[in-house]
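Thanks for sharing this one. Below are some notes to read alongside the coordinates, set out point by point.

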Amino acid sequence: MKKRTLLNQRLKAISGYMLLAITTIGFTGCEEEVAEDEGIPLPVLTLKKESAALEFKYLGSIEGVENVQIRPQVDGVLEEIYVDEGQYVKKGQPLFKINSQPYVEDLKNAQANVDLEKAKLRKAQTEIDRLKPLIENEVISEVRMETTLADYEVAQSSLAKAEAEAANMRINLAFTTIKAPVDGLMGRIPKSIGNLVKKTDGEPLTVLSNVHEIYVYFSMSESDYLYYERMKKDSTSKKMNPDVKLVLADGSIYNNVGTIDANSGQINRSTGSITLRAHFQNPDTLLRTGNTGKILMEQIYPNAILVPQSATTSIQDKRFVFLLKPDNTVERKEITIEGRTGNQFIVSGKSLNEDDRIVISGLEKISEGIKIKPLEQGHLLSQN
């Protein structure tokens, strides 16, 4: 009797444990089923309209607004160099001195000829004065007077020629001191004191650059130029920014903006490109003739839809995103890309709309129709 009672108690205990296990398994199964219904947890971005800029870069060369080759206008020995390479000089400041002694002697000789011709003119005038009363008293014929008047005119012409030669000698003498024609920075000076310099020298004495303002010359393709011309006149949200930036050789952005003020007017047939010129102020003379940089042009999108590049997939030549439906299932959606800014794509408004939700990571885990649990990432700012 006692054995039967003990057996019954053990059977009841085993039944209880089995019921508890079944119940626990049942609850666990329900929880797993609920978690599975919520979908895969993945980060999601809600798209917003924001300002963005599509960038175009072109390699450019920098020149001062005035680059003057300083050349001698007379031949002679270089006697003095008043300035140094890289020095800033003012307009009219002496730069070089050529030995002037030969030109001083030439001027003296020219002035002596002037004095001689003046004496001849006075002599001719005296002869006219002497003949006048004789003509009036009919002592001599008027033909003699005509000859004397002709001699006087010859003397006048000779004097004018001598004075012109003397003036030319004075100019040559002045050219022995070479002065700065503009404000600017001295370039390299290849000649030294004692060298013979000539007007026909192939190399200038130096190059003087006015770099308080600079020009940046750059080229773009014919198709880019046509696009630029259309977009700078566009009154919609895709207007080209009239101001351009300059990216310096070290990668930094120059602190003054510029404007495009001229172009070559013709397409180069051999390269299919056109040259344009951007104008910048350079008050601290940081930029010099011969520097290089990149012109940065921006097309402004004030209400752009931006999508991180990492949130897209590509199939052949097409781009797709995973768009989240109201029921949190995903749909593969093809997008049209209008440009790139930073690490984001500028997407056509016909592809995606404001407040659309897209999956931004874990794309390899999902496919068309998969349900996910969205982890809202909010609003990503443009990274220009």
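1. Let us begin with a charged side chain: does Lys90 count as buried, exposed or partly exposed? At 46% relative accessibility, Lys90 counts as partly exposed. Please keep in mind throughout that this is a predicted model. The side chain of Lys90 meets that of Asp183 in a salt bridge, with 3.6 Å from N to O. This pair links distant parts of the chain, 93 residues apart: Lys90 sits in the loop between β4 (88-89) and β5 (94-98), and Asp183 in the loop between β6 (177-179) and β7 (184-186). Asp183 is partly exposed too, with a relative accessible area of 25%.

2. Now for the overall picture. The protein has four helices and 20 strands. Of its 384 residues, 34% are buried. If you take the contacts with a separation of 6 or more, 76% of them are between residues 24 or more positions apart.

3. The salt bridges come to eight in total, and two of them are found within helix α2 (residues 101-136). In one, Glu105 pairs with Lys108, the closest N and O atoms being 3.8 Å apart. A salt bridge here requires nitrogen and oxygen within 4 Å, so the 3.8 Å of Glu105 and Lys108 qualifies. These partners are three residues apart, about one turn of the helix. Glu105 is partly exposed at 39%, while Lys108 counts as exposed at 51%.

4. In the other α2 pair, Glu127 and Arg130 have their closest N and O atoms 2.7 Å apart. Because they are three residues apart in helix α2, about one helical turn separates Glu127 and Arg130. Glu127 is partly exposed, with 26% relative accessibility, and Arg130 is partly exposed at 42%.

5. Asp356 is a residue you may want to look at on screen. It is found in the loop between β18 and β19. Asp356 is buried yet has no salt bridge. How far away is the nearest side chain of opposite charge? That side chain belongs to Lys333, and it is 5.6 Å away. A salt bridge needs a nitrogen and an oxygen within 4 Å, so the 5.6 Å to Lys333 does not meet the cut-off. Leaving aside neighbours within four places in sequence, Asp356 is in contact with Leu45, Thr46, Leu47 and Leu323.

6. Two backbone angles deserve a look. Most residues other than glycine have a negative phi. Asp355, however, has a positive phi near 80 degrees; this residue lies in the loop between β18 (344-347) and β19 (357-359) and is partly exposed, with a relative accessible area of 47%. Asn328 also has a positive phi, near 70 degrees, and is placed in the loop between β15 (318-324) and β16 (330-335).

7. On to the interior. The largest nonpolar core has 23 residues, of which Met220, Leu246, Phe280 and Ile295 touch the most other members. Two or more residues each come from β2 (49-70), β9 (206-221), α4 (222-231), β10 (243-248), β12 (273-281) and β13 (292-308). The element that gives the most to this core is β9, with five residues. A second, separate core has 17 residues, including Leu78, Val182, Val197 and Leu205.

8. Helix α4 also appears around a cavity. There are two cavities of 30 Å³ or more in the whole structure, and the second largest holds about 40 Å³ of space. Among the residues lining this second largest cavity are Phe56, Tyr58, Met220 and Met297. Its lining takes two or more residues from each of β2 and α4, and α4 gives the most, with three. The buried residues of α4 are Tyr225, Tyr228, Glu229 and Met231, and they pack against β9, β11 (258-263), β12 and β13.

9. Finally, two residues with partners far along the chain. Leu159, in helix α3 (residues 142-175), is buried with a relative accessible area of 11%. Its C-alpha is 8.3 Å from that of Asp115, a residue 44 positions apart from Leu159 in sequence. Pro283 lies in the loop between β12 and β13 and counts as exposed at 58%. The C-alpha atoms of Pro283 and His212 are separated by 5.2 Å, with their positions 71 residues apart along the chain.

Technical notes:
Residues are numbered from 1 along each chain as its sequence is written. Side-chain values use heavy atoms; hydrogens and water are left out. Buried means under 20% relative accessible area, exposed over 50%, partly exposed in between (1.4 Å probe, protein chains only). Lys and Arg count as positive and Asp and Glu as negative; His and the chain ends are not counted. Contact means heavy atoms within 4.5 Å. A nonpolar core is a set of buried Ala, Val, Leu, Ile, Met, Phe, Trp, Tyr and Cys residues joined through side-chain atoms within 4.5 Å. On a 1 Å grid over the protein atoms alone, a cavity is a set of points where a 1.4 Å probe fits but cannot get out, and a pocket is an open set with protein on both sides within 12 Å along at least five of seven lines; lining residues have an atom within 4 Å of a point. Grid points are joined across faces, edges and corners, and a volume is the space filled by probe spheres set on the points.
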